[in-house]
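Here are some notes to read with the structure open next to you. Take the points one at a time and find each spot as you go.

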Amino acid sequence: MTAPRFNRRGVWAIYRFEMHRFLRTIWTGLATPVITTSLYFVVFGSAIGSRMSNVGGIPYGSFIVPGLMMLSLFNESIFNASFGIHMPRFLGTIYEPLSAPLSPFEIVLGYVGAAMTKAIGVALVILATANLFVPVHVLHPVWMIGFLLLVAATFCLFGFIVGIWAKGFEQLQIIPMLIVTPLTFLGGAFYSIHILPEPWRTITLFNPVVYLISGFRWTFYGIADVSPGVSLAATAGFLIVCLGVVAWIFRTGYRLKS
Amino acid sequence: MSAPVVSIRGLSKLYAGGHEALKDVDLDIARGEIFALLGPNGAGKTTLINIVCGIVTASAGTVSVDGHDIVTDYRAARDRIGLVPQELHTDAFEPVWATVAFSRGLFGKPANPAYLEKVLKELSLWDKRKAKILELSGGMKRRLMIAKALSHEPGILFLDEPTAGVDVELRRDMWALVRQLRDSGVTIILTTHYIEEAEEMADRVGVIRKGELILVEDKHALMEKLGKKQLILTLAEPIAAVPEGLAEWEVELRDGGAELVYTFDGKAERTGIPSLMRRISDLGIVFKDLATHQSSLEDIFVSLVSERGGGAG
């Protein structure tokens with residue numbers, strides 16, 4: 001019997017396994033972002049937001065919705081993808097996909113595809129939760145879905161890399177805690193970078209997260225800190241870098257094969 | 001040997017840390033045989049298996065499985081292989097049925113509940129199909145690893161130390177299972193450092209030491225060729241030295257002079273035993289017990305390993 005050129009059943013097996021793990025803890029997986037988002041709206045929306053003026057003509061509560069979605073999308077993408085590949089490495093069960101007739105691309109597709117599904121699901125739950133507190137209007141829904149997919153794919157690939165790189169569960173937390181969360185908070189999730197004085201405004205432009213949040217906010221309200229085209233290009237650039245690193249990991253076997 | 005089902009040529013592995021795990025190994029495995037790869041811990045057995053299965057990258061050499069190169073035609077090669085690793089790597093919270101179905105899916109095979117049911121029944125796991133892996137005993141987990149490896153109907157099964165750390169009863173069950181698999185047409189390659197296991201099951205034996213395959217031989221031929229028989233006489237009174245009258249038999253004195261040991265060729269027409277016994281009687285040497293001993297594969301293995309450079313590595 002000839003082995004198939006594309007092992008779709010193998011990809012599906014990994015995807016379904018990962019989703020099953022997520023579904024086992026679905027209530028905690030979804031309750032956490034719902035509660036966190038609600039708290040953001042209680043604090044930023046009601047307590048502080050009511051004292052703040054509109055940003056670019058958008059009420060402050062509505063303004064922060066895309067940033068909140070991005071914040072969760074980054075964290076969920078990195079967490080799910082890094083945990084998804086780190087767990088079999090930790091348990092030793094990674095021998096199964098490595099010894100199966102699966103190409104590196106198919107292995108990544110299974111793990112990253114499942115992580116993307118989970119991360120996008122959480123982002124959409126946040127959108128629904130936010131809609132209970134503030135009016136949310138999506139001006140460019142197709143672009144919004146496109147940005148969600150692109151950013152989720154990029155950060156899930158990034159998470160996959162972190163999951164391969166990490167030698168233990170502590171290291172899994174380092175990148176999201178020390179790099180991604182600070183960059184997100186400083187990347188215009190809760191404010192427009194136009195309100196920053198120089199030189200901070202220029203310095204902020206070196207933060208890649210600015211482009212992701214700005215582009216995503218544009219899909220909602222048509223306003224952006226930087227041009228949506230630049231945002232798209234920056235996101236695509238980051239995606240290509242992550243793809244290159246993942247390809248290198250499989251070519252060299254870095255921390256996967258000795 | 002007809003076309004080998006696994007063909008290994010010039011296989012070497014040098015790990016990044018500088019450890020040379022395999023040195024220019026050549027090996028052919030015949031279809032349908034049970035091949036036991038013997039060697040002390042750290043000899044390179046697991047590295048060899050892991051290279052064939054795609055988990056470790058070889059530094060040099062080639063491996064083909066059923067004519068398919070494991071690198072350039074890895075899908076076809078891996079499709080034919082089932083692997084039972086030494087460690088019990090499992091997802092503790094997964095149910096038995098789900099984990100076996102997952103393994104089959106990874107190999108791109110369509111769902112076949114009837115086949116999986118057969119495998120689980122043969123391995124006495126059917127009643128546990130809904131149980132989570134963490135609820136299984138050690139023996140059940142080991143059988144589950146075999147079920148996972150068999151889930152995609154492989155023609156070649158690699159068993160890496162299948163009975164390491166299991167009790168005697170389970171070990172015997174495992175041996176029966178391996179024979180049953182071979183009878184169903186599966187080629188079995190197992191590694192072990194339990195010589196008894198190889199002696200019990202294998203058709204052919206390979207001995208690996210410090211990354212070098214120092215011997216590959218039919219088990220019975222090996223035992224015939226390198227095995228020896230001994231007559232052991234336990235003396236009523238210890239003696240200080242072998243009497244000169246016994247010089248022509250080249251007997252040895254053991255256990256502080258309490259045992260006389262005569263090594264002979266069991267298949268020779270004349271073993272020399274009757275004349276030796278007469279001479280012992282003539283010399284007035286009294287013995288209180290008499291026994292014969294045939295060397296086991298273990299004796300041969302220990303002798304081989306020590307001959308080639310002193311002890312297990």
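1. Let's start inside chain A, with Phe155(A). This is a predicted model, and in it Phe155(A) has 32 C-beta neighbours inside 10 Å, so this residue counts as buried; the cut-off for that label is 20 or more. Phe155(A) sits in helix α6 of chain A, which covers residues 141-165. Leaving aside residues up to four places away in sequence, Phe155(A) touches Leu73(A), Phe74(A), Ser77(A) and Ile78(A).

2. While you're there, try a distance. How far apart in space are Phe155(A) and Tyr254(A), C-alpha to C-alpha? They are 20 Å apart, with their positions 99 residues apart in sequence.

3. Next, how far to trust what you see. The model scores ipTM 0.87 and pTM 0.84. For chain B the mean pLDDT is 88, and 93% of the residues reach 70 or more. Within chain B, helix α3 (residues 96-106) has the highest confidence, at 97, while helix α10 (residues 297-307) has the lowest, at a mean of 68. Where pLDDT is low, the predicted coordinates should not be read in detail.

4. Now look at where the two chains meet. Chain A brings 24 residues to the contact and chain B brings 26. On the chain A side, the elements giving two or more residues are α1 (8-24) and α4 (95-99). Of these, α1(A) gives the most, with six residues. By type, that side of chain A divides into twelve nonpolar, eight polar and four charged residues.

5. Over to chain B and its sheet. Which order do the six strands take? Going across this open sheet, you meet β6-β7-β8-β3-β9-β10 of chain B, with mixed pairing. β6 (81-84) and β10 (212-218) of chain B each have a single partner strand, so they stand at the edges with one side lacking a neighbour in the sheet. From one strand to the next, the twist averages 15 degrees.

6. Zoom in on one pair in that sheet. Strands β7 (residues 156-160) and β8 (residues 187-192) of chain B run in the parallel sense and share five bridges. One place to look is Ile156(B), whose bridge partner in β8(B) is Thr187(B). Helix α1 (residues 45-53) of chain B packs on the sheet, where it touches β3, β6, β7, β8 and β9 of chain B, and its direction makes about 145 degrees with that of β7(B). Helix α6 (residues 168-183) of chain B packs on the sheet as well, touching β3, β7 and β8 of chain B, at about 150 degrees to the direction of β8(B).

7. Chain B has other strand pairs to check. β1 (residues 6-14) and β4 (residues 60-65) of chain B pair in the antiparallel sense over five bridges, and Ile8(B) has Val63(B) as its bridge partner in β4(B). β4(B) also pairs with β5 (residues 68-69) of chain B, again antiparallel, over two bridges. There, Ser64(B) is bridged to Asp69(B). The hairpin of β4(B) and β5(B) has two residues between the strands, and Asp66(B) takes a positive phi near 55 degrees.

8. Last stop: helix α9 (residues 273-282) of chain B. How many of its ten residues are buried? The count is one, so this helix is hardly covered. After α9(B) comes Gly284(B), with a positive phi near 75 degrees.

Notes:
Residues numbered from 1 in each chain as written. Chains lettered and ligands numbered in written order. Predicted model: local features only at pLDDT ≥ 70, side-chain atom pairs only at ≥ 80, totals over all residues. pLDDT = per-residue confidence, 0-100. Helix = DSSP H or I, 4+ residues; strand = E, 2+ residues; numbered from the N terminus. Contact = placed C-beta atoms within 7 Å. Nonpolar A, V, L, I, M, F, W, Y, C, P; charged D, E, K, R; others polar. Pairing = 2+ DSSP bridges. Axes fitted to C-alpha atoms, helices over the stretch in contact; angles between N-to-C directions. Buried ≥ 20, exposed ≤ 12 C-beta atoms within 10 Å, placed from the backbone.
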